[in-house]
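Here's a quick walk through this one, with the helix packing up front and the aromatic rings after that. Have the model open as you read.

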Amino acid sequence: VGSGLDLSFLLIDLMISEKFPVDDERLDQIAHLYGLFGHSHAEEKTQFMNRAIRWSISIVRNEKYGHPRLHQLAAFSSWKGEVVRARSFSHSRAVSSPDVYCAT
């Protein structure tokens, strides 16, 4: 896992230093990598997205807060993660004490 994280950060650093254009291909790459970060790597996931936003700001000067698609991606991923955790909690509660869960 560590080497994958390192490579993801290196890709963003390369995109910044070489001034890669902000286009659908790059945004899709970022989205794919961002989706691979697990919940146990929340801090690294945030750092990765912050670097990606910094990259987009450095290329597209009129996007003061970074490319909107990056913010959308982060928001959707967070929402999706919360839904998965809520389902997991709900399921574990139903399995561990079905009589209490079904009564509520």
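## How α1 and α2 pack

Helix α1 (residues 2–17) packs against α2 at an angle of about 160°, and their axes are 11 Å apart. Those axes are lines fitted to C-alpha atoms, for helices over the stretch in contact, with angles running from 0 to 180 degrees between N-to-C directions. That angle makes α1 roughly antiparallel to α2 (angles over 145 degrees count that way, under 35 as roughly parallel, 65 to 115 as roughly perpendicular and the rest as oblique).

On the α1 side, the contact is made by S8, L11, I12 and M15, and on the α2 side by R26, I30 and L33; contact means heavy atoms within 4.5 Å. The crossing of α1 and α2 is left-handed, meaning that the near helix is turned anticlockwise from the far one by less than a right angle, whereas clockwise would be right-handed.

## What you're looking at

This is a predicted model, where local features need pLDDT of at least 70 and side-chain atom pairs count only at pLDDT 80 or more, while totals for chains, interfaces and linings use all residues. Residues are numbered from 1 along each chain as its sequence is written, and side-chain values use heavy atoms, leaving out hydrogens and water.

The protein chain has 5 helices and 0 strands, taken as DSSP runs numbered from the N terminus (helices are H or I, at least four residues; strands are E, at least two). Of its 104 residues, 26% are buried, which is to say under 20% relative accessible area (exposed is over 50%, partly exposed in between; 1.4 Å probe, protein chains only). Among contacts with a separation of 6 or more, 59% are between residues 24 or more positions apart.

## The aromatic cluster

Rings of Phe, Tyr and Trp (its six-membered ring) pair if their centres lie within 6.5 Å; planes under 30 degrees apart are stacked, over 60 edge-to-face and the rest tilted. The count comes to 3 aromatic pairs. Y34 and F48 are stacked, at 6.5 Å centre to centre with 25° between the planes. Y34 lies in helix α2 (residues 24–36) and F48 in helix α3 (residues 42–59), so this pair ties together parts 14 residues apart in sequence.

F37 and F48 form a tilted pair, with ring centres 5.1 Å apart and planes at 35°. Here F37 comes from the loop between α2 and α3, 11 residues from F48. Overall, ring pairs link F9, Y34, F37 and F48 into a cluster.

## Burial and a charge

How buried are these rings? F48 has a relative accessible area of 0%, while Y34 is buried at 6% and F37 is buried at 6%.

Y34 has a charge for company too: the charged end of K45 sits over its ring, 4.8 Å from the centre. The rule there is NZ of Lys or CZ of Arg within 6 Å of the ring centre and within 35 degrees of the ring normal.
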